[in-house]
Amino acid sequence: MNGTLSSGSWFWRCLAFLAAAIVAFPILIILSQWGTVGSGEQEIWQHLFDTKLDRLALNTLMLVLGVGLGVILLGVSLAWLTTICEFPGRRLFEWALMLPLAVPGYVMAFVFLGIMNYAGPIQTAMRKFFGQDAWFPDVQGTAGVIFILSLVLYPYVYMLSRSAFLNQGRQLMDAGRLLGLSRLQAFFRVAIPVARPAIVAGLALALMETLADFGAVSVFSYDTFTTAIYDVWNGLFNLTVAAQLASLLLLFVAVTLVLEKQSRDRARYTQDNHTSQIATYQLIGFKAIAATGYCALVLFIGFIVPLGQLVLWMLKSGFGALDERYLGYLGHTVLLGVMAGALVLVIALLLAFVKRLPGTAVSKSATSFSIRLATLGYALPGSVLAVGIILGFTYVDRSLGTLLSSSVIALLIAYCCRFLAVAYAPVDAGLEQVKPSVIDAARALGAKPGRVLRQIIIPLLKPGLLTGFTIVLVDVMKEMPATLIMRPFGWDTLAVRIYTMTAEGQWETAALPAVTLIIVGLLPVYLLIRSARSSTSRI
Amino acid sequence: MLVLLNDNYYHLRPFKGFKMSRLSLNILIIISFLALVACSAEPSGRESAGLNTISLQSAPDQGASQSEITEINGPVIVYSSRQEHLIKPLFDRFTAETGIKVQYQTGEEGPLIARLQAEGEQTFADILYTVDAGNLWSAAEKGLLAPIDSEILEHNIPDHLQDPLNRWFGLSVRARTIVYSTERVNPAELSSYTALANPQWQGRLCLRTSRKVYNMSLVATMIERLGETETQEVVEGWVSNLATRVFSGDAQLIEAIAAGQCDVGLVNTYYLGQLQAQNPDIPVALFWANQNSSGVHVNISGAGVTTYAKNRAGAVQLIEWLSTAEPQYLFSDLNLEFPANPDVSPVDLVASWGDYKQDTLNVEAAGRLQADAVMLMDRADYR
């Protein structure tokens, strides 16, 4: 079956549309809520405008800007240090700095507040030393929330920019230096722009997660757009307006992503992946101490302190909850993570691949539109998304007499919808760095898309695929709201356990499942970084 | 004002045609996945499979959903927003006494109710069990709960703790009242919820977030008693008296009073009970509010039988059983709440707080006026 250059594309494109349609389905249901604007809805919108919409928008904006700045500063600087520089402890920090990824945001938030608030140990000690009126920063304010979210979300930027820096190595910097740039100039004018797609992909993930976050901000009683969605739903009993608010959130994300993409499309960066060996800058003296100290500080605050506090609480509240059911929670957590990780990865690869297939302008823009829509789910709060899926599936169930809505399938689709962006970003960033000429050459030689995918793209993409799988795995294991509402009977996970314990404010009893969850998350993160390291030194 | 989700099905219709074929393909992909893990499925896999069988059997009977399909040995299935460790001991006891199995799905009330509604006639759930009358009221308004005609429940549960139309019944009582620092407050200074708005408490009051349904219910009953205008003045007074930002939990609030961040606050009594159980010397005590007027604001945890229950008889039996002496005592033992059944005394720690006058306004008002309360708190800038 010899064909033209685009033969076979058709099949893949259809498959991609299909996958995108299923993942985008709950999003479409949320968007469809604009079809209902009755007098009740109008009254609520009017009320929101009159009372708090401006404050919520401002809070959300400050959060997005603050967390954006925070994750870029932390993520890019740490990635640069651990890939391009050499200093004591680098090999440890290289993977250990990923660890805050394993700490769920809501856990980080309640641990931090437990330590830092007025009744916590630090302020109590301060009052003992400096008297009742000792000054202490307002830990519950905007800065506190930004601090917490930056700490748990910087690993996205760190991970993606690390792989970009690893690919680019030192040569580009050296070229810049030869052309007369100072080291700092070379960093900002060469290294950063080349890594920009990866940095932006990580940033987008961190910010979408910020927008969808309900757990951490509600521990802080900090009002955002997302808390307003919950308030309208649970307080005013109006799911329609809640979904409308959620779709505004999606609109904001979509517009931002499109703008960024447009400003980037003018430039395209590819390069040879066959850097012989990564030459590093050997840091010595003060610089080495500063680098080690900086990495150690981030690791300490972002991981050791929360884990330590949780372990203390765990010891205090005892192991009474540790019964045979616990193994079940653990098993379900891992099982759901692995299944969702694999499924999401397949869809992400399919979409990223099909996006690069040759085709007419119309089919290309249709493809990129459906991808954009399908990856928006990451900005949707989990339980809003879950309702979209339940509505969809119960409708299908009623028409077909099936029982999908309370099955694992529905939950897995929820995860796909929620986390497609997470796997898509590293896969797409990885494909971005594969020269189009390689694919063109293979196609010109008659290889069909399936073969190109198997024999060229997947081997070249291994690091990106592994990254995508790991982040989805860890994210799914941490995911709470959608799991809570959609898990089939008996499918309790560790995150559900944490919710159960924290729902009545008993943070200390949640320590056991929280510690277990963090430890389970450690292993894949460690393996990921180790394999990334070995693959670069091998090349 | 309320929009039924059913409306939304009209918007789903256009998807019907092409959705199916795509879905079946997608299912193929996922089934291949599940096949991989099926061998390693946990015991719970058996449970859910069993569940599915039951509902498949009863599927042909859907038309007769209102009639009682008695499967004496079939399980009762509960959607519960009450946490597992608070309901499981009760259900285990029920199963031991009657041989009827109970399966439950816990979750947040909003999504649980949305799920129940979306599932409609197909739902597995026989009972909806939630915390707070507002949630039960909202489920009943959506037509998700069917009336229960039961002499046992009418006898055991006081009128103000049940739906006037008998679609739900309170099973435990949660009192929300004033707590104060025993070091800095003389209880003689305290009287009512409204009095906490007085300038005397400037910079001394702690409140939990208005997002918590307990506060919505309290303000809703105040609207019923005092009217919107006066209630709003009170809430504004509270806000101007705040010592610090609102807390996300009652336990944190009590700890803040103990640490000296503020002097008085409003909490559900069992939170204080939990902290007192850990530390009997905690310098925070409880004050029964409004004893010279309407009485302490109470809310409930309660349950109703779903409209499309497949095991209605078992469901009614379970709710009736929960209103009897032994489980009623367990409610106070497990979570330091008050029994809804006035003939049952609570555990010692709870009894040690003394008798109090309860507000006998029907808790249904908490649901009916909840949206008004939320909007009022927004206007008063109570966050």
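**Strands and helix packing in a predicted model**

From strand 1 of chain B, V76(B), V78(B) and S80(B) point one way while I77(B) and Y79(B) point the other way, and all are buried. The model described here is a predicted one. Strand 1 of chain B covers residues 76–80, and five of its five residues are buried, so the strand is largely enclosed by the rest of the structure.

The pairing partners of this strand come next. Strand 1 of chain B pairs in the parallel sense with strand 2 of chain B (residues 102–106), over five bridges. Within strand 2 of chain B, Q103(B) is the residue that stands opposite I77(B). Helix 4 of chain B (residues 84–98) joins the picture here: strand 1, helix 4 and strand 2 of chain B make a right-handed β-α-β unit. Strand 1 of chain B also runs parallel to strand 3 of chain B (residues 127–131), to which three bridges join it. There, V78(B) has I127(B) of strand 3 of chain B as its bridge partner.

Some totals for the chain help to set the scene. Chain B holds 16 helices and 10 strands. Of its 383 residues, 51% are buried. Among the contacts in chain B with a separation of 6 or more, 79% are between residues 24 or more positions apart.

Strand 3 of chain B leads on to strand 9 of chain B, as the two run antiparallel and are joined by five bridges. In this pairing L128(B) stands opposite G304(B) of strand 9 of chain B. Strand 9 of chain B spans residues 297–306, and 10 of its 10 residues are buried, so this strand too is largely enclosed by the rest of the structure. Strand 4 of chain B (residues 145–146) is antiparallel to strand 9 of chain B and is joined to it by two bridges, with A146(B) opposite V305(B). Strand 5 of chain B (residues 169–181) likewise runs antiparallel to strand 9 of chain B, here with seven bridges. One of the residues involved is R176(B), whose bridge partner in strand 9 of chain B is H297(B).

What follows strand 9 of chain B in the chain is also worth a look. T307(B) lies in the loop between strand 9 and helix 12 (312–322) of chain B. This residue has 23 other C-beta atoms within 10 Å and is therefore buried. Once its neighbours within four places in sequence are left aside, T307(B) is in contact with G143(B), L144(B), L145(B) and A146(B). A146(B) has already appeared above, standing opposite V305(B) in strand 9 of chain B. In the other direction along the chain, T307(B) and W321(B) are 14 residues apart, and their C-alpha atoms are separated by 20 Å.

Strand 5 of chain B has a further partner in strand 7 of chain B, since five bridges join these two strands, which run antiparallel. The bridge partner of Y180(B) in strand 7 of chain B is V264(B). Strand 7 of chain B (residues 264–268) has five of five residues buried, so it is largely enclosed by the rest of the structure. V264(B), L266(B) and N268(B) point one way from this strand, G265(B) and V267(B) point the other way, and all are buried. Strand 6 of chain B (residues 205–206) pairs with strand 7 of chain B over two bridges, in the parallel sense. In that pairing C206(B) has G265(B) as its bridge partner.

Two residues of chain B deserve a remark on their backbone angles. Most residues other than glycine have a negative phi. L336(B), however, has a positive phi, near 60 degrees. L336(B) sits in the loop between helix 13 (325–335) and strand 10 (338–339) of chain B, and it counts as buried because it has 22 C-beta neighbours inside 10 Å. D381(B) also has a positive phi, of about 65 degrees, although it is not a glycine. D381(B) lies in the segment after helix 16 (370–379) of chain B and, with 14 other C-beta atoms within 10 Å, is partly exposed.

Chain A contributes a helix pair. Helix 5 of chain A (residues 105–116) packs against helix 13 of chain A (residues 285–317) at an angle of about 75 degrees, with the axes 10 Å apart. That angle makes helix 5 of chain A roughly perpendicular to helix 13 of chain A. V107(A), M108(A), V111(A), G114(A) and I115(A) make the contact from helix 5 of chain A, and P306(A), Q309(A) and L310(A) make it from helix 13 of chain A. By class, this contact has six nonpolar, two polar and no charged residues.

Definitions and conventions
Residues are numbered from 1 along each chain as its sequence is written. Chains are lettered from A and ligands numbered from 1 in the order in which they are written. This is a predicted model: local features need pLDDT of at least 70, side-chain atom pairs count only at pLDDT 80 or more; totals for chains, interfaces and linings use all residues. Axes are lines fitted to C-alpha atoms, for helices over the stretch in contact, and angles run from 0 to 180 degrees between N-to-C directions. Helices (H or I, at least four residues) and strands (E, at least two) are DSSP runs, numbered from the N terminus. Angles under 35 degrees count as roughly parallel, over 145 as roughly antiparallel, 65 to 115 as roughly perpendicular and the rest as oblique. Two residues are in contact if their C-beta atoms, placed from the backbone, lie within 7 Å. Ala, Val, Leu, Ile, Met, Phe, Trp, Tyr, Cys and Pro count as nonpolar, Asp, Glu, Lys and Arg as charged, and the others, Gly among them, as polar. A residue is buried if 20 or more other C-beta atoms lie within 10 Å of its own, exposed if 12 or fewer, and partly exposed in between; C-beta atoms are placed from the backbone. Two strands pair if DSSP finds at least two bridges between them. A crossover is right-handed if, with the strands pointing away from the viewer, the path from the first strand over the helix to the second runs clockwise.
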